[in-house]
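Look over the model below. The report that comes after it takes up an annotated site and a sheet.

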Amino acid sequence: MYILGIESSCDDTAAAVLKNDTVVANVLTSQDAVHTKFGGVVPELASRKHLESIHPVVEKALENARIKLTDVDLIAVTRGPGLLGSLLVGFSYAKALAHVTRIPLVGVDHMAGHILSIFLSANRPRFPYIALIVSGGTSAIYLAESFTSFTCLGRTRDDAAGEAFDKVAKLLGLPYPGGPHVSKKAGSGDPSAIKFPRSWLEDDSLDFSFSGLKTAVLNYVNKVKRQGQDLNLENICASFQEAVVDVLVSKTIFAARQYNTPRIVIGGGVSANGRLRESFTHRCDLEDLEFFAPDLNFCTDNGAMIGFAGRHVYEQSGKMELDLDAYSRSPLG
Ligand code: ATP
Ligand code: FE
């Protein structure tokens, strides 16, 4: 079975072809160059870029997979959540393809894609598992019980983890998207140099809050500047990153304990972070939990995870009616 996966929820236009569970083509055009001068994604520009890229990206994916559109058995497309203007480009394109070719179409939740992206890597978990999904738009913990059953256990009440990385990068004068730049600087800094706050919220809460941490970094930077001293970017990045990682890892392990689930999976752009992976590996080892992290190219948004998730949606619920709409907020919580 050939599945064409299409993703356009934010600022990457992506398409992939899977032969059953195996990725045979994975194509992506990043819009980073368009948005970097604004220090974040500009929705109007994002949807325009998607319009330019969507057809060539899908064509390229089919070409790389050495198949024709008529060989495709199922089209899977991101239905939400995300920027509506961006989503609608991929969603409408996929609907049109399905209408013309009569290939069945399924709409896939973007978060489900991230929760299942671990299955695109060689080391695959069993169900149930706890999934920490951390990206520029979301930070949430899910209980995954099957390929189609996910319960949101906690989520951010303000900024997403990736958003915090991006905003801290911006205030330090580092390029967008900030995560990889902050992480690189952090590599040569001291994580215990500055005591930034950790927001734990209520004792048993699995929610996150990162806006206080972002403000603490801003206040620290302003204080150092007022004193006429030089900023040690490496130490700031390392201490900030440590505060984010500490909360993400502790809360995810707490969720695994609370729900008696001995497996942890991560996903989303921030799951590419080296320190996050290192800390999870170390602490899961101590706590006797299994830990799974996706290959780096499947951490950020991609069409392959949508194709993979889509196949399971199709097996469970059949094809989607073509009059359904995209949505900006996830029903998964
Ligand atoms: P959505 O939230 O809808 O999934 P997105 O475009 O933000 O959209 P991703 O592509 O999954 O989603 O993630 C991008 C985010 O990941 C950015 O905020 C980026 O800074 C962050 N990121 C990428 N690599 C790293 C890294 N090594 N360390 C920390 N953050 C990172
Ligand atoms: Fe994403």
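What follows covers the listed binding-site residues and then the sheet and its helix.

This is a predicted model. The unreviewed UniProt entry lists a "binding site" made of Ile 133, Val 134, Ser 135, Gly 136, Gly 137, Asp 166, Gly 179 and Asn 273. Two of these residues, Val 134 and Gly 179, are set out here.

| Residue | Element | C-beta neighbours within 10 Å |
|---|---|---|
| Val 134 | strand S6 (residues 129–134) | 30, buried |
| Gly 179 | helix H6 (residues 178–186) | 26, buried |

Val 134 counts as buried because 30 C-beta neighbours lie inside 10 Å, and the cut-off is 20 or more. Gly 179 also passes that cut-off, with 26 other C-beta atoms within 10 Å.

Contacts come next, leaving aside neighbours within four places in sequence. Val 134 touches Ser 139, Ala 161, Gly 162, Leu 248, Gly 268, Val 270 and Ser 271. Gly 179 is in contact with Gly 162, Phe 165, Asp 166, Gly 269, Val 270 and Asn 273. Asp 166 and Asn 273 are themselves on the UniProt list.

Strand S6 belongs to an open sheet of five strands, ordered S8-S7-S6-S9-S10, with mixed pairing. Strands S8 (149–155) and S10 (290–292) are at the edges; each has a single partner strand, so one side of each lacks a neighbour in the sheet. On average, neighbouring strands are turned by 25 degrees against each other, direction ignored.

Strand S7 (residues 139–146) runs antiparallel to S8, and six bridges join the two. Leu 143 has Thr 151 in S8 as its bridge partner.

Helix H9 (residues 274–286) lies across strands S9 (263–267) and S10. Its direction is at about 160 degrees to S10.

Conventions: Residues numbered from 1 in each chain as written. Chains lettered and ligands numbered in written order. Predicted model: local features only at pLDDT ≥ 70, side-chain atom pairs only at ≥ 80, totals over all residues. UniProt positions renumbered as here; feature names shortened; annotations may be inferred. Helix = DSSP H or I, 4+ residues; strand = E, 2+ residues; numbered from the N terminus. Buried ≥ 20, exposed ≤ 12 C-beta atoms within 10 Å, placed from the backbone. Contact = placed C-beta atoms within 7 Å. Pairing = 2+ DSSP bridges. Axes fitted to C-alpha atoms, helices over the stretch in contact; angles between N-to-C directions.
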